[in-house]
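Me: I have a structure to go through and would like to ask about it piece by piece. Please keep the answers plain.

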Amino acid sequence: MPQHVQGVIAPGRNEPVRVETIVIPDPGPGEAVVKIQACGVCHTDLHYKQGAINDEFPFLLGHEAAGIVESVGEGVTDVTPGDFVVLNWRAVCGTCRACLRGRPWYCFATHNAKQRMTLLDGTELSPALGIGAFAEKTLVAAGQCTKVDPAVAPEVAGLLGCGVMAGIGAAINTGNVGRGDTVAVIGCGGVGDAAIVGSRLAGAAKIIAVDIDDRKLETAKGMGATHTVNSRSTDAVEAIRELTGGFGADVVIEAVGRPETYRQAFYARDLAGTVVLVGVPTPEMKLELPLLDVFGRGGSLKSSWYGDCLPSRDFPMLIDLHQQGRIDLAAFVTETIGLGDVEKAFARMHEGDVLRSVVVL
Ligand code: APR
Ligand code: ZN
Ligand code: ZN
């Protein structure tokens, strides 16, 4: 029987989001209905609302979530009702070239659930990143559910579904930060702070946090930054060089997504060092670099897509580390809010004092 639940929808470009009754169909083959317990508010939800991702309004927002599997469709064996799961963006196919080459985070032949959630009048909803979890329940592909230890709080577990995984993964999966490395992280919002946590986890000797906001630098210290640089008042590249014996950092992680910060990252890395771009630029952004510098400085220029993560490997591992007290994922939760507060949470993002607002149901 289709169910009626409350969910947060973005009705049209730049229109305020609102709570509406939505209809969740029974799970079909390969699908699961998940009772959402918590879902973080991410920049990408705001981008959906602004029409910056695509025009397929109305959206059912929310994609950084944890909850309990309520029911599963035919053929689903990996998860069963009652399982505590973190949702991921995509149920990978396992057979496309990206999957076969061991890079399933680039699988575009996903087996996500066919969009069948609607408003009461039958209007089809587009779930954000194939999830749509600012809702009491949502319909996803079973392959988007990763079972984790139910002892961890849902508002913490859900964070792994997007921003925190993107940041930690940028350091440990994409940047391959290693023991004794020097790391600089440019931009210390939720994603940059998670990159700091990942760098510490990987055994970095020095972690230099760079931001234009002193409050962010203070938080970054709590996450494990050993040095901070306010790049509004100080030249970031010079400061990073100075803090690394004149060389530059082994790995520089750019978590802003702007040409000027990418340029800083490019020049702040040591010769043969690695630059990881995890901040998401807008389509019109361009950067010109002397090709001779690209050649002469060597190393690698990488970008990190969803932290280059394997949810089935990385979500349970990070939950374990959190449970052991080796990383503190709870530090990313600034506030817990209700379904009706998402619009307010978008406003707070700009004030710069929130790492994550998390909707708790
Ligand atoms: N130099 C250094 N830091 C900057 C600069 C700059 N020129 N401009 C902004 N920042 C800092 C902000 O002060 C803030 O602390 O970058 C941080 C950005 O953090 P958030 O806005 O909280 O964004 P976050 O969720 O961390 O995401 C960062 O990664 O996944 C992408 O789409 C996301 O592009 C975004 C980026
Ligand atoms: Zn695939
Ligand atoms: Zn997100």
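The exchange below takes up the ligands, the sheet and a few single residues.

Me: Before the details, what sort of model is this, and how are things numbered?
Reply: This is a predicted model, in which local features need pLDDT of at least 70 and side-chain atom pairs count only at pLDDT 80 or more, while totals for chains, interfaces and linings use all residues. Residues are numbered from 1 along each chain as its sequence is written, chains are lettered from A and ligands numbered from 1 in the order in which they are written, and side-chain values use heavy atoms, with hydrogens and water left out.

Me: Which residues come nearest to ligand 1?
Reply: Gly190, Val191, Asp211, Ala255 and Val280 come nearest, out of 17 residues around ligand 1. A residue is near a molecule or strand if one of its heavy atoms lies within 4 Å of it.

Me: How does that shell divide by class?
Reply: The shell around ligand 1 has 7 nonpolar, 7 polar and 3 charged residues. Here Ala, Val, Leu, Ile, Met, Phe, Trp, Tyr, Cys and Pro count as nonpolar, Asp, Glu, Lys and Arg as charged, and the others, Gly among them, as polar.

Me: Which polar atoms of Val280, Val256 and His43 face oxygen atoms of ligand 1?
Reply: For Val280, a backbone N or O atom lies 2.9 Å from an oxygen atom of ligand 1. Val256 has a polar backbone atom 3.2 Å from a ligand 1 oxygen, and His43 has a polar side-chain atom 3.4 Å from an oxygen of this ligand. A polar contact is a pair of N or O atoms within 3.5 Å; within protein, one must be able to donate a hydrogen and the other to accept it, and residues adjacent in sequence count only if both atoms are side-chain atoms.

Me: And how much of ligand 1 does the protein cover?
Reply: On its own, ligand 1 has 730 Å² of accessible area, and the protein covers 81% of that. Accessible areas come from the Shrake-Rupley method with a 1.4 Å probe; for residues, only the protein chains shown count as cover.

Me: Now the metal. What coordinates the zinc ion (ligand 3)?
Reply: Cys42 (SG), His63 (NE2) and Cys162 (SG) coordinate the zinc ion (ligand 3) at 2.0 to 2.2 Å. Along the chain, these donors follow the spacing C-x20-H-x98-C. Cys42, in the loop between β3 (31–40) and α1 (43–49), and Cys162, in the loop between α3 (154–157) and α4 (163–174), are 120 residues apart, and the pair links distant parts of the chain. Donors are N, O and S atoms within 2.8 Å of the metal (3.2 Å for Na, K and Ca); water is not among the atoms, so sites may look incomplete. Helices (H or I, at least four residues) and strands (E, at least two) are DSSP runs, numbered from the N terminus.

Me: Are those two cysteines, Cys42 and Cys162, buried or exposed?
Reply: Cys42 is buried, with a relative accessible area of 5%, and Cys162 is buried at 6%. Buried means under 20% relative accessible area, exposed over 50%, and partly exposed in between (1.4 Å probe, protein chains only).

Me: Changing topic: what is the strand order in the open sheet?
Reply: The open sheet has 5 strands in the order β7-β2-β1-β4-β8, with mixed pairing. Its edge strands, β7 (118–119) and β8 (126–127), each pair on one side only. Two strands pair if DSSP finds at least two bridges between them.

Me: How many bridges join β1 to β2, and what about the other neighbours?
Reply: β1 and β2 (residues 18–24) pair in the antiparallel sense over 7 bridges, and Val5 has Ile22 as its bridge partner in β2. Ile22 also stands opposite Leu119 in β7, where 2 bridges join the antiparallel strands β2 and β7. On β1 (residues 3–10), 2 bridges lead to β4 (residues 59–60), again antiparallel, with Ala10 opposite Phe59.

Me: Which peptide bond is cis?
Reply: The bond from Phe57 to Pro58 is cis, with omega near -10°. Pro58 lies in the loop between α1 and β4.

Me: What is the phi of Asn14, and of Leu129?
Reply: Asn14, in the loop between β1 and β2, has a positive phi of about 60° although it is not a glycine. Leu129 has a positive phi of about 50° and is not a glycine either; its place is in the loop between β8 and β9 (137–141). Most residues other than glycine have a negative phi, and most peptide bonds are trans.
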